[in-house]
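Me: Please take a close look at the aromatic ring pairs of this protein and at the parts of the chain around them. A connected account in prose would be preferred.

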Amino acid sequence: MLNKGQPSQLAVLFLMLAVLPYPSIDPIAISLGPFDVRWYSLAYIVGLILAWQVCRYLAKTYSKSITAEHFDDFVAYCALGIILGGRLGYVLFYNFQAYIQNPIEILYVWQGGMSFHGGLLGVVVAILWFARSRSISQYELADMIVVVGPIGLLLGRIANFINGELYGRVTDFSWAFVFPTSGDGLPRHASQLYEAGLEGVVLGLLLFGLYRVDSVRERFGTITGVFFLGYGISRFLVEYVREPDHHIGFLFDFITMGQLLSLPLIIAGILFITYAPKFNGAKS
């Protein structure tokens with residue numbers, strides 16, 4: 001039986017002849033003896049390296065108080081915040097009952113299970129901690145960090161697509177894919193690629209373009225607000241075509257966990273943009 005909002009079985013069977021072929025890409029990118037390096041892991045590593053280098057460029061080009069050397073130190077804080085925050089966020093927001101029964105599995109990060117919203121909280125803590133220790137503006141630092149955030153989002157969502165995870169709902173659109181991991185052979189939205197396009201490409205170009213505008217960049221907190229608002233809206237909209245987590249389903253019969261967690265980001269984005277002038281020159 002198809003879930004609410006899904007097309008009829010007849011329409012699905014008709015369009016299965018026209019769906020795009022799902023690319024058969026091995027989730028393991030490199031095998032080194034007994035060790036396997038997955039595309040998902042490479043997405044994190046390459047994303048961090050690229051973000052680090054772009055932040056160094058931003059510091060050299062635009063900032064008088066934050067230096068490229070600051071980011072040489074901050075990259076370790078950021079990586080720790082992403083990994084710990086992302087994992088704990090997944091445990092708390094998405095699968096708490098399962099992990100509370102088997103707490104040792106919280107450490108099994110190689111089995112997957114990371115939350116963007118949790119990773120974001122981890123990065124926020126890292127920014128506050130680092131800015132205070134270096135006596136620099138947390139808002140200016142945050143603005144630089146969110147400019148490069150879409151790099152990780154883009155690579156991460158592409159890795160999700162390669163893994164065949166976080167796929168979309170059943171659809172009769174001709175650009176659908178049949179994900180082998182879904183187990184039902186039905187055409188579905190490539191919601192991972194939708195997110196890669198909106199959260200990675202569109203939001204990334206918008207943030208970088210705004211950062212180059214002096215009047216916007218100098219209102220510390222504005223870029224951060226645009227990131228929160230842009231990501232929150234993008235994720236909220238894509239959730240309408242993304243398959244809800246099977247063990248959670250719909251909350252209150254109409255909203256997903258991803259949408260619920262995105263609402264505070266949308267509110268935070270509006271507040272940051274509104275009150276950004278008060279952050280100018282503020283330090284930790």
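Reply: The account below begins with the ring pairs and then turns to a helix, a cavity and two loop residues.

The model is predicted. Across the whole structure, a search returns 22 aromatic pairs. One of them joins phenylalanine 161 to phenylalanine 179 in an edge-to-face arrangement, with 5.9 Å from centre to centre and 85° between the planes. This pair connects distant parts of the chain, 18 residues apart: phenylalanine 161 belongs to helix 6 (residues 138-163), while phenylalanine 179 lies in the loop between strand 3 (177-178) and strand 4 (187-188). Both phenylalanine 161 and phenylalanine 179 are buried.

Another edge-to-face pair consists of phenylalanine 236 and tyrosine 240, where the centres are 5.8 Å apart and the planes make an angle of 80°. Tyrosine 240 is classed as partly exposed because its relative accessibility is 47%, a value that falls between the 20% limit for buried and the 50% limit for exposed. Ring pairs also build a cluster from Phe116, Tyr139, Phe227, Phe228, Tyr231 and Phe272. A further ring contact involves a charge: the charged end of arginine 217 sits over the ring of tyrosine 211, at 5.8 Å from the ring centre.

Helix 9 covers residues 222-238, 17 residues in total, and extends 24 Å from its first C-alpha to its last, close to the 24 Å expected at 1.5 Å a residue. Of these 17 residues 14 are buried, and helix 9 is therefore largely enclosed by the rest of the structure.

The search for enclosed space finds 2 cavities of 30 Å³ or more. The largest cavity has a volume of about 60 Å³. Its lining includes Tyr94, Arg235, Glu239, Arg242, Asp245, Ile248 and Met257. By class, 5 charged, 4 nonpolar and 3 polar residues make up the lining of this largest cavity.

Two loop residues deserve mention for their backbone angles. Most residues other than glycine have a negative phi. Leucine 166, however, has a positive phi near 55°; leucine 166 is placed in the loop between helix 6 and strand 3. With a relative accessible area of 30%, leucine 166 is partly exposed. Aspartate 253 likewise has a positive phi, of about 70°, although it is not a glycine. The loop between helix 9 and helix 10 (257-279) contains aspartate 253. Because its relative accessibility is 62%, aspartate 253 counts as exposed.

Technical notes
Residues numbered from 1 in each chain as written. Predicted model: local features only at pLDDT ≥ 70, side-chain atom pairs only at ≥ 80, totals over all residues. Heavy atoms only, no water. Phe/Tyr/Trp six-rings, centres within 6.5 Å; stacked < 30°, edge-to-face > 60°. Helix = DSSP H or I, 4+ residues; strand = E, 2+ residues; numbered from the N terminus. Buried < 20%, exposed > 50% of the residue type's maximum accessible area, 1.4 Å probe, protein only. Lys NZ or Arg CZ within 6 Å of the ring centre and 35° of its normal. 1 Å grid on protein atoms, 1.4 Å probe; cavity = no way out; pocket = protein on both sides within 12 Å on 5 of 7 lines; lining within 4 Å. Points joined across faces, edges and corners; volume = space filled by probe spheres on them. Nonpolar A, V, L, I, M, F, W, Y, C, P; charged D, E, K, R; others polar. Expected span 1.5 Å × (residues − 1).
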